[in-house]
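Thanks, everyone, for making the time this morning. I would like to walk through the inside of this model, going from the packed parts to the empty spaces, and I will put it up on the screen now.

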Amino acid sequence: MGVLKEIVISIAGSAIFLVLIWVFSRTARQATRLMATRVLGLDLEDTFRDSGAVASDLQAELDRARWVTVITSRGNDLQRQVFADTLRAGRGGSKDVRVLLPDPDSTQQPDWIADREEEISAFDHAYGNGLLREQVRQNVTFLEGYMNPGFLELRLYHLPHVGRIILTDRAAYLTRYQSNRHGHSTPVKKYRRGDMYDYLSREVELVWKHARRVTPP
């Protein structure tokens, strides 16, 4: 009876240990999810809570990428550490980097920057008086200092601000903007090469083709 009790306790302890590993090990959950998506033929690799949660994964992906294309709205993330090495590599000619930002001086209608700022002002009262446009201009100026024709290029688009796409030769990161929160507070989905990657690549290429070129100062 004592031996049986010890066996039961041992099994229970092992089960609890495995449950704890599952609960606290993000790696285990990620591996299981990745296996399931591949078995089902899906190309979604991971989902992150927000831009802070994706930062380390994104930086590692950017570091090993041969080329990088980014289409974003405000563009403040481009001034953060996660993109620092990528921008330096583009400036130095060791990596192809393309960036798409909204055109803050476009006279076309509708005014998509004003449209997005109206959304943001409903939950962040710092916005509503042209702050978003000014932030875009600041990021354009920031990137102009890194521009290197043929390696790091910047173009400006006139489109709705509905999401951020970061593409590399290995993966795609998609942030779908919501009307009630900032982009940096929105979940990020990572896709490996597949149907969604191809769709996002086509979207970005079309925007790049028709966007306004920025000439280095």
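Let me begin with L154, which, once its neighbours within four places in sequence are left aside, is in contact with V99, L101, V140, L143 and M147, and also with W208, R212, R213 and V214. Please keep in mind throughout that this is a predicted model.

L154 is also one of the residues with the most contacts inside the largest nonpolar core, a group it shares with L58, F83 and L101, and that core has 25 residues. As for where they come from, the elements that give two or more residues to this core are the helices α3 (51-64), α4 (81-92) and α6 (131-144), together with the strands β2 (67-71), β3 (96-102) and β4 (152-157). Apart from this core there lies another one, of 14 residues, and among them are Y157, I165, V204 and V207.

Now to the empty spaces, starting with the pockets. How much space lies in the largest pocket? The value is about 290 Å³, and of the 18 residues that line this pocket, I71, V162, G163, I165 and E203 are the closest to its centre. I165, then, appears both in the lining of this pocket and in the core of 14 residues. Which element supplies the largest share of the lining? That is α7, with 6 residues, while β5 (163-168), β6 (171-176) and α7 (195-210) each supply at least two. By class, the lining of the largest pocket is made up of 12 nonpolar, 3 polar and 3 charged residues.

The second largest pocket holds about 200 Å³ of space, and of the 15 residues lining it, those closest to its centre are R74, G75, R164, G183 and H184. Here the classes come to 3 nonpolar, 7 polar and 5 charged residues.

Finally, there is the enclosed space, where the count comes to 1 cavity of 30 Å³ or more, and about 60 Å³ of space lies in the largest cavity. Its lining consists of P102, D103, S106, Q108, D111, W112, I113 and R133, along with Y157, H158, L159 and H161, and by class these divide into 5 nonpolar, 4 polar and 3 charged. You may recall Y157 from earlier, since this residue of the cavity lining is also among the residues of the core of 14.

Key
Residues are numbered from 1 along each chain as its sequence is written. This is a predicted model: local features need pLDDT of at least 70, side-chain atom pairs count only at pLDDT 80 or more; totals for chains, interfaces and linings use all residues. Side-chain values use heavy atoms; hydrogens and water are left out. A nonpolar core is a set of buried Ala, Val, Leu, Ile, Met, Phe, Trp, Tyr and Cys residues joined through side-chain atoms within 4.5 Å. Buried means under 20% relative accessible area, exposed over 50%, partly exposed in between (1.4 Å probe, protein chains only). Helices (H or I, at least four residues) and strands (E, at least two) are DSSP runs, numbered from the N terminus. Contact means heavy atoms within 4.5 Å. On a 1 Å grid over the protein atoms alone, a cavity is a set of points where a 1.4 Å probe fits but cannot get out, and a pocket is an open set with protein on both sides within 12 Å along at least five of seven lines; lining residues have an atom within 4 Å of a point. Grid points are joined across faces, edges and corners, and a volume is the space filled by probe spheres set on the points. Ala, Val, Leu, Ile, Met, Phe, Trp, Tyr, Cys and Pro count as nonpolar, Asp, Glu, Lys and Arg as charged, and the others, Gly among them, as polar.
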